[in-house]
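Okay, thanks for making time, everyone. I've got one model to walk you through today, so let me put it up.

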Amino acid sequence: MKALMKIELERAFKNKWFYISVSITLLIVLMDIWQNVLPIRKNMESWLNESAYQCPGLYMQWMEINLRAPSMIYHFIIPLLAALPYSMSIYTDVKNHYMNNIVTKIEKKKYYLSKLITQFIGGGCIATLPLLCSFIVTAMLLPAIHPVAATGQYPLKVSAVFGDLFFYNPLLFVIVLLIIDFIGFGMINCIAYIFADLLDNKYMVALSPFIIYFLQYVVCSLIGRDSIRTYLQVVHMRVQYLGYILFDFTVLIAAIVIAYIVRCKRKDIL
């Protein structure tokens with residue numbers, strides 16, 4: 001299993017689509033730095049001398065907090081970018097008969113489990129890497145001023161989910177947010193694992209996480225409730241909708257587990 005995991009992780013992280021996806025996400029980060037961080041840095045002196053407002057620092061201007069255009073673009077396209085490097089592999093393994101060679105040497109359930117774990121890790125890494133880079137670069141340019149709720153300059157309120165944590169220990173809040181995004185987008189990336197058996201086109205398999213993610217957002221907007229897209233912008237997470245978060249991710253986990261069990265129990269190798 002270890003050797004198989006190593007092979008699958010290399011397939012996920014050492015291919016042109018991984019580098020393309022990471023490059024696009026880093027361009028979004030650079031756009032955010034250029035538009036929202038550098039202007040603050042250039043006018044830092046005037047901000048520090050202004051007593052009416054708190055100087056916009058790291059915890060106000062970080063891409064996942066400022067919620068400006070680059071952040072919105074990131075949250076819109078990241079399921080697609082996360083899926084591109086690896087999501088087509090389980091489909092192509094069957095079509096190219098690669099899977100037939102593997103399952104003669106290792107149990108089928110271990111092969112499918114390694115694919116699922118790699119799908120999860122790949123999606124989580126591609127989703128969180130740009131946020132981490134954004135945080136590091138922003139920290140290099142702006143001071144890590146402790147956020148003060150009374151200024152009203154932050155998108156979070158003390159009453160929001162993790163609101164207390166943000167204003168008490170913002171660095172720990174950032175760590176929690178990155179963990180949530182890693183898990184959330186990792187699970188969304190596993191949607192392609194479900195559809196690899198249901199679709200007869202590798203590109204549609206790769207598109208499936210983005211399509212489900214976007215459709216769920218549209219439907220939830222129409223019925224007036226938060227979507228997975230909203231949850232993963234943690235600053236928008238609302239206490240009254242925590243039950244929906246639990247329900248949505250329970251359904252997603254159940255679908256992933258069912259897809260795994262069906263594959264393991266299937267006797268024929270297509």
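I'll go from the overall picture to a buried acid, a surface patch and the cysteines.

First, the ground rules: this is a predicted model, with pLDDT of at least 70 needed for local features and 80 or more for side-chain atom pairs, while totals for chains, interfaces and linings use all residues. Numbering runs from 1 along each chain as its sequence is written, and side-chain values use heavy atoms, leaving out hydrogens and water.

So, the overall picture. We have 15 helices and zero strands; those are DSSP runs, H or I of at least four residues for helices and E of at least two for strands, numbered from the N terminus. The C-alpha trace spans about 70 × 35 × 30 Å along its principal axes. Of the 270 residues, 48% count as buried, and by that I mean under 20% relative accessible area, with exposed being over 50% and partly exposed in between, using a 1.4 Å probe and protein chains only. If you take contacts (heavy atoms within 4.5 Å) between residues at least 6 apart in sequence, 75% join residues at least 24 apart.

Now the acid. Asp32 sits in helix H2, residues 16-42. What is the nearest side chain of opposite charge to Asp32? That's Arg68, 6.2 Å away, and Asp32 is buried with no salt bridge. For charges, Lys and Arg are positive, Asp and Glu negative, and His and the chain ends aren't counted; a salt bridge needs a Lys or Arg side-chain nitrogen within 4 Å of an Asp or Glu carboxyl oxygen. Leaving aside residues up to four places away in sequence, Asp32 touches Val37, Gln61, Met63, Asn66, Pro70 and Ser134.

Over to the surface. Leu171, Leu172, Ile175, Ile179 and Ile183 make a nonpolar patch with about 410 Å² of accessible area together. Accessible areas here are Shrake-Rupley with a 1.4 Å probe, and for residues only the protein chains shown count as cover. Leu171 belongs to helix H11, residues 170-189, and is partly exposed at a relative accessible area of 44%.

Last, cysteines. How many disulfides are there? Zero, taking a disulfide as a pair of cysteine sulfur atoms within 2.5 Å. For Cys190, the nearest cysteine sulfur is that of Cys125, 12 Å away. Cys190 is buried, at 3% relative accessibility. Cys220 is unpaired as well: its nearest cysteine sulfur, that of Cys190, is 20 Å away. At 4% relative accessibility, Cys220 also counts as buried.

How values were computed. Patch = residues over 30% accessible without salt bridge, like charges linked within 9 Å, V, L, I, M, F, W, Y side chains within 5 Å.
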